[in-house]
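The following exercises ask for a careful reading of one structure, each with a worked solution. Please look at the sequence and the model before reading on.

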Amino acid sequence: MTIARRGGFFRQTNRLNRKQEYADLEEHVSLTKGLFVTFEGGEGAGKSTQMRLLADSLSARGYDVLTTREPGGSAGAEAVRHVLLSGAAEPFGVRMEAILFAAARSDHVEQVIRPALERGTIVLCDRFMDSSRVYQGITGNLESSFVETLERIAVNGVIPDRTIIFDLPASVGLERALRRAADEGPDRFEKEQMETHEKRRGAFLDIAEADPERCRVVDATRPPEVIAADVLDLVAALLPEEDAARTSAAEVAT
Ligand SMILES: Nc1ncnc2c1ncn2[C@@H]1O[C@H](COP(=O)(O)OP(=O)(O)O)[C@@H](O)[C@H]1O
Ligand SMILES: [Mg+2]
């Protein structure tokens, strides 16, 4: 896998020659495949906070980073976001909502995420397909075949390389989220019963257990900077240059 890095160079071939050739160019050299990282978990778990901190760390290391969110993230999807979060679609039932989420995701994937990955960008996304599995599938009581079919259509092969699940008791997350939303009031999903939020926590943990290659769970009750260090480690492990740097550091140490 190759990642775009500002001022970086092709890794595959001719590294020294290219280094010479591009030595004074500051723009990044675009590569073949980026890295797709999604942030999942309940309300107030710290997803948005941690995504910002990770984006800052990776940008500071010279990587090309794109942050985005769901529902939304592209023009078409942002148009649907308000319908979903305001609750305007709620009276039409959870199937309708699920299809709207899928429509928004499809637009987001094709217009924003896939092109960015093709440019070699690291894409960080605040909520993605696992939120639909949990919110519409588990706590929406939609049959899993319906949810799986929508997921396949919406994602269209763009599966996250890493999904970080922020885990904390629902009561702690909600308290944080409600404090944050003091001016706006809770959205369509934040308003639901505590029992529903706890069920979602369990559902996210089940996803992590079923897909240990892709998912990592972090304890989100800790201070933000402690969590951020863990998150950076989880993602750095997937970056070829970081990996190489660590391996050579280990070699020097032995
Ligand atoms: N580790 C943490 N400890 C305490 N408060 C936090 C932590 N992470 C985030 N917060 C605060 O909690 C609220 C919700 O965080 P946010 O990142 O918006 O969560 P999410 O995006 O998962 O809903 C914000 O006000 C944020 O400043
Ligand atoms: Mg958020």
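**Exercise 1.** In which helix does S59 lie? Once the helix has been found, establish the exposure of S59 and its separation from I122.

*Solution.* The model is a predicted one, and in it S59 belongs to helix α2. For the exposure, the count to use is that of other C-beta atoms within 10 Å: a residue is buried at 20 or more and exposed at 12 or fewer. S59 has 14 such atoms, and it is therefore partly exposed. The last step compares sequence with space: S59 and I122 are 63 residues apart in sequence, while their C-alpha atoms are 9.7 Å apart.

**Exercise 2.** Determine what I122 touches beyond its sequence neighbours, and then place I122 in the largest nonpolar core.

*Solution.* Leaving out residues up to four places away in sequence, I122 touches I3, G34, L35, L58, Y63, D64 and V65. The largest nonpolar core has 48 residues, and I122 is listed with L124 and F166 as having the most contacts inside it. Helix α4, residues 94–118, gives the most to this core, with nine residues. As background, nonpolar side chains in soluble globular proteins tend to be buried together.

**Exercise 3.** Describe the surroundings of strand β1, beginning with its burial and ending with its partner strands.

*Solution.* Burial comes first: seven of the seven residues of β1 are buried. The side chains can then be sorted by direction, with L35, V37, F39 and G41 pointing one way and F36, T38 and E40 the other, and all of these are buried. As to pairing, five bridges join β1 to β3, residues 122–126, in a parallel arrangement, and F36 stands opposite V123 there. Five bridges also join β1 to β4, residues 162–167, again running parallel, and here E40 is the residue that stands opposite I165.

**Exercise 4.** Follow the chain into the loop between β1 and α2, and work out whether G42 and E43 are buried or exposed.

*Solution.* G42 is found in this loop, and E43 has its place there too. G42 has 29 other C-beta atoms within 10 Å, so it is buried; E43 is buried because 21 other C-beta atoms lie within that distance. Apart from neighbours within four places in sequence, G42 is in contact with A170, G173, H197, R200 and R201. With residues up to four places away again left out, E43 touches G173, L174, A177, F189, E190 and H197. G173 and H197 thus appear in both lists. The unreviewed UniProt entry carries a "binding site" annotation that covers G41, G42, E43, G44, A45, G46, K47 and S48.

**Exercise 5.** Which residues are the closest to ligand 1, and which helices supply at least two residues of the shell around it?

*Solution.* Of the 14 residues that surround ligand 1, the closest are G46, K47, S48, T49 and R176. Among these, G46, K47 and S48 also fall under the UniProt annotation. At least two shell residues come from each of α2 (47–60), α7 (170–180) and α9 (224–236). Sorted by class, the shell has five nonpolar, five polar and four charged residues.

**Exercise 6.** How many helices and strands does the chain have, and what share of its residues is buried?

*Solution.* The chain contains 10 helices and five strands. Of its 254 residues, 36% are buried. Among contacts with a separation of 6 or more, 78% join residues 24 or more positions apart.

Methods
Residues numbered from 1 in each chain as written. Chains lettered and ligands numbered in written order. Predicted model: local features only at pLDDT ≥ 70, side-chain atom pairs only at ≥ 80, totals over all residues. Near = placed C-beta within 6 Å. Helix = DSSP H or I, 4+ residues; strand = E, 2+ residues; numbered from the N terminus. Nonpolar A, V, L, I, M, F, W, Y, C, P; charged D, E, K, R; others polar. UniProt positions renumbered as here; feature names shortened; annotations may be inferred. Contact = placed C-beta atoms within 7 Å. Pairing = 2+ DSSP bridges. Core = buried A, V, L, I, M, F, W, Y, C linked by C-beta atoms within 7 Å.
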